[in-house]
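Dear colleague,

Here is the structure I said I would pass on to you, and below it I have written out what I found when I went through it. Please keep the sequence and the 3D view open beside this message while you read.

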Amino acid sequence: MSSTELLGPHAVFIVASYAVTLLVAAGLILWVWLDHRRQVRVLAELEARGVRRRSAEPPPASATPPADPAAPVKETAA
Amino acid sequence: MAWIDLANPTRFLRLVDRALPWLTALTVFAFAYALNGAFGAPDDYQQGATVKIMFIHVPAAWLGMFCWGMMTISALGTLVFRHPLADVAAKAAVPLGAAFTFVCLVTGALWGRPMWGTYWVWDARLTSVLVMFVMYLGLIALWRTVEDPTRAGRAAAILTLVGALNLPIIKFSVDWWNTLHQPASVVRVDGPAIHPSILIPLLAMTLAFTLLFVALHLAAMRNEILRRRVRTLRLLQAQGARGA
Amino acid sequence: MTALRALLVRDLRIALRIGGGAMMGVLFFLTVVTLMPFAIGPDLALLRRIGPAILWIGALLASLLALDRLFAADHDDGSLDLLLMGRAPVELAVAVKGLAHWIATGLPLVVAAPILGLFLNLEPAGLGAVVLTLLVGTPALTFTGLIGAALATALRRGGLLLPVLVLPLTVPVLIFGVAASNAAVVGPVPFGTPFTILCALTLTSLVVGPFAAGATLRHGME
């Protein structure tokens, strides 16, 4: 059965809405995936260039690190 | 896993890395089941086959509002409890909410064309959802304008709280004003007014959409945490404190 | 020519990154057009009749919105002085900045116009006409606005002058833009007549804008 009998006279609108939903969902998934890959790559580059995060270092004897939103809040004595 | 433990981004990242594959598999399975149910459902006696648009229009609308509700909680988390991941969660959710509200508006218009004869009418429900969509874009613009994530998070949290006033308006718009839009038929005082043969697939689709949203949201939050770490590292590098 | 292309690429990249003004125009356009039916009322027939006018006024205000900041960033960090002293003629440099502003702000308006036309219940013929006139008209808005942008940078409180000075200059573009859109739907006059005049206006502004702005920058800087 062609899609028109299956979906009735307004088949084009039904197909169009499913197409839009699929497009937007695929767009979101792609955006999240590509963004993840890019961030990991940039992090690796920075790591390779020797830029360390303070928490990844042995705790320096100097003053406590300034408040940094990204670094973990309280580095437990792991 | 106390709620506060989630405050530690590293532990949160480990959790996401562990949970995401399972969540993705669950989402795919839920969609398979729901879509099969949706296309098996009978036609509506009035609307004919166009009722199939409901299976994406309603979940998208639900997600648009659910996401703003979730962002409101994160806004409280940022402003009141100073939870470090709250503004990460809010920033990660905004594009998803905007996308699903856009899908809701478009599928609604595509459903309106055959059923009402026009893509758009300035009806209370449609207008309030459009206002929410414009506010979503406003939030995205806000996040893209302020450089410092902490300051942006605070401003966005305040805007989200103000915007939350729009949620009850959307929900009850169909009851307060005589609208062309269908009144509530699922979340009702005396129970859903839809026949189970269409209600079950609708609930399944909504669950599938919600799972998709949660999976995307966790992944987006992971990206956001990594992005902040990159920014911190670059600031450190600029200071030359640790630079090679 | 590569210097000017580098300037173009630089300006586009600045506009598109976080903090740049690229999407602000479209958002303003969307908000203004969405507001109109709240004021005018949900009567679709009325909205359809004044739809082109609403879209054009929204586009006009949106494209002039960020113009007074066009040279301000360069003025603050001194690259404007480099531009003035550079080998490339100031007029061409200003024209390139105008082009970058049009791509970042004007073009998205044209892309958003059809969707907003749906909100105003425009029929396809009217919608196509509005989009076409906007495509041709928005460069005129940007390049006429260059004069105001240069003034805004040259004079101390020039930013306030922009709307007052530039809006009258853009009136002809607005008149023929809306006239062409209405001609496509209702008008006795064929669509072509006002449209060709609009094209002529745009071409004139492509020349007058950069020269006037260049002169203002070269001589008017404090």
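In what follows, contact means that heavy atoms lie within 4.5 Å. Please also bear in mind from the start that this is a predicted model.

With that meaning of contact in hand, we can look at how chain B meets chain A, where 46 residues from chain B and 36 residues from chain A take part. Between them, chain B and chain A bury about 3800 Å², and 74% of this area is on carbon and sulfur atoms. Of the 2 pairs of chains in contact, it is chains A and B that share the most contacts.

How many salt bridges are counted between chain B and chain A? The count is 1, and the partners are Arg227(B) and Asp35(A), whose closest N and O atoms are 2.1 Å apart. In addition, 4 residue pairs are in polar contact between chain B and chain A, counting pairs with both residues at pLDDT 80 or more. As for where the side of chain B that touches chain A comes from, at least two residues each are supplied by helix H1 (9–40), H2, helix H3 (86–116) and helix H7 (196–239) of chain B. H7(B) gives the largest share of that side, with 17 residues. Sorted by class, the side of chain B that touches chain A holds 30 nonpolar, 8 polar and 8 charged residues.

On chain A itself, an unreviewed UniProt entry lists residues 12–34 as "transmembrane region". In the model, this span of chain A is 100% helix and 0% strand, and its end C-alpha atoms lie 32 Å apart.

The other pair to look at is chain B with chain C, where the contact takes 17 residues from chain B and 17 residues from chain C. Here about 1400 Å² is buried between the two chains, 75% of it on carbon and sulfur atoms. There are 0 salt bridges between chain B and chain C, while 2 residue pairs are found in polar contact across this interface, both residues being at pLDDT 80 or more. The side of chain B that touches chain C is made up of 11 nonpolar, 4 polar and 2 charged residues. Chain A and chain C, for their part, are joined by no contact, and their closest C-alpha atoms lie 15 Å apart.

Turning to chain B as a whole, its secondary structure comes to 7 helices and 0 strands, which reads along the sequence as α-α-α-α-α-α-α. The C-alpha atoms of chain B fill a box of roughly 70 × 35 × 30 Å along the principal axes. Of the 244 residues in chain B, 54% are buried. Among the contacts in chain B with a separation of 6 or more, 75% are between residues 24 or more positions apart.

Finally, there is one residue that you may like to find for yourself, Thr78(B), which sits in helix H2 (residues 54–79) of chain B. Is Thr78(B) buried or exposed? Thr78(B) counts as buried because its relative accessibility is 6%, and the cut-off for buried is under 20%. Beyond its neighbours within four places in sequence, Thr78(B) is in contact with Ala86(B), Asp87(B), Gly153(B), Arg154(B) and Ala157(B).

With best wishes

Conventions. Residues numbered from 1 in each chain as written. Chains lettered and ligands numbered in written order. Predicted model: local features only at pLDDT ≥ 70, side-chain atom pairs only at ≥ 80, totals over all residues. Heavy atoms only, no water. Helix = DSSP H or I, 4+ residues; strand = E, 2+ residues; numbered from the N terminus. Buried < 20%, exposed > 50% of the residue type's maximum accessible area, 1.4 Å probe, protein only. Buried area = accessible area lost by both parts, 1.4 Å probe. Salt bridge = Lys/Arg side-chain N within 4 Å of Asp/Glu carboxyl O. Polar contact = N/O pair within 3.5 Å; in protein donor to acceptor, adjacent residues only side chain to side chain. Nonpolar A, V, L, I, M, F, W, Y, C, P; charged D, E, K, R; others polar. UniProt positions renumbered as here; feature names shortened; annotations may be inferred.
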